[in-house]
Amino acid sequence: GAGLMPQVIAVAQAKGGCGKTTITVCLAGFWAVQGEQVCVIDADPQQHSTKWIQSGDGPLKSIGLITLPHDLPREMAEANGDRVLVDLIGADADVLTLAVANADLVLIPVQDSPLDIDGALTTYRRMKQAERARGSSIAYRIVLTRTQPRTSLYAAILRQLKEAGMAVAGAELRNRVGYKEGMMTGSTPSMS
């Protein structure tokens, strides 16, 4: 609606290759299909979100795009739309902390791998630092990606996350070939 601040969502994970871009573009596509005004800030030098969105048709065409922002907090504050999604590079701790400190919601993608758990815990700790810096709590959810439920590894990972006191989202991205196809065809599951 007019005059309302957009919801700013940072997709963050200290480890690469965990599904940040997939979550960013699929959520952007989902909200675009609902008729929302969506902006994606692609802060990852590899620019996967940008390439995916630019290859897209239909609702993806309506998504606003800021690639490689020079001043991330300012771009996050000034971006237009109902929702602003920030696809972050994992390795840069300063950028991650800045983005997280300026977000309304942080999504931390985790694949069922011990390395992703480490990355999630690192991301979580940085988020807690950002909370202290800004003096208020930051809403976040762990989003399980490429999951293969009913495996013992999956159960163990879920248990580890919960034992660490981390909030896990109810929805997850199953291991589906559709996401990889979407990157090729410029679409997302909510469009098919």
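A salt bridge here is a side-chain nitrogen of Lys or Arg within 4 Å of a carboxyl oxygen of Asp or Glu. Glu36 and Arg83 fit that description, with their side chains meeting at 2.8 Å, N to O. Keep in mind that this is a predicted model. The protein has 192 residues, 45% of them buried, and its 7 helices and 7 strands follow one another as β-α-β-α-β-α-β-α-β-α-β-α-β-α, reading from the N terminus.

**Overall picture**

- Take the contacts with a separation of 6 or more: 80% of them join residues 24 or more positions apart.
- About 9300 Å² of the protein is exposed, and carbon and sulfur atoms supply 53% of that area.

**Salt bridges**

- How many salt bridges does the structure hold? The count is 4.
- The Glu36–Arg83 pair ties together distant parts of the chain, 47 residues apart. Glu36 sits in the loop between α1 (20-33) and β2 (38-42), while Arg83 belongs to strand β4 (residues 83-87).
- Glu36 has a relative accessibility of 21%, so it counts as partly exposed.
- Glu78 pairs up with Arg74, and their closest N and O atoms are 3.2 Å apart. Both residues are in helix α3 (residues 72-78), and their spacing of 4 residues is about one turn of the helix.
- Arg74 is partly exposed, at 42% relative accessibility.
- Asp71 joins in as well: Asp71, Arg74 and Glu78 form a network of salt bridges.
- Over in helix α5, Lys128 and Glu131 are about one helical turn from each other because they are 3 residues apart. Their salt bridge has its closest N and O atoms at 3.0 Å.
- Is Glu131 buried or exposed? Glu131 is buried, with a relative accessible area of 12%, whereas its partner Lys128 is partly exposed at 26%.
- As a general point, side chains of opposite charge can pair when their charged atoms come close.

**Nonpolar cores**

- The largest nonpolar core contains 32 residues, and Ile41, Met76, Leu88, Val100, Val106, Tyr140 and Ile142 have the most contacts inside it.
- Which element gives this core its largest share? That would be helix α5 (residues 114-134), with 5 residues.
- Another core, of 18 residues, lies apart from it; Val25, Cys26, Ala28 and Leu107 are among its members.
- Ile41 has a long contact list once residues up to four places away in sequence are set aside. Its partners include Ile66, Pro69, Leu72, Met76 and Ala79, along with Val84, Leu85 and Val86. Two acidic residues, Glu75 and Asp87, are also touched by Ile41.
- More generally, nonpolar side chains in soluble globular proteins tend to be buried together.

**A look at Ala101**

- Where does Ala101 sit? Ala101 is in helix α4, which covers residues 93-101.
- With a relative accessible area of 21%, Ala101 is partly exposed. The reason it misses the buried class is that buried means under 20%.
- Beyond its neighbours within four places in sequence, Ala101 is in contact with Ala130, Arg134 and Ile138.
- Ala101 and Ala10 are 91 residues apart along the chain, yet their C-alpha atoms are separated by 9.5 Å.

Conventions:
Residues are numbered from 1 along each chain as its sequence is written. This is a predicted model: local features need pLDDT of at least 70, side-chain atom pairs count only at pLDDT 80 or more; totals for chains, interfaces and linings use all residues. Side-chain values use heavy atoms; hydrogens and water are left out. Helices (H or I, at least four residues) and strands (E, at least two) are DSSP runs, numbered from the N terminus. Buried means under 20% relative accessible area, exposed over 50%, partly exposed in between (1.4 Å probe, protein chains only). Contact means heavy atoms within 4.5 Å. A nonpolar core is a set of buried Ala, Val, Leu, Ile, Met, Phe, Trp, Tyr and Cys residues joined through side-chain atoms within 4.5 Å. Accessible areas come from the Shrake-Rupley method with a 1.4 Å probe; for residues, only the protein chains shown count as cover.
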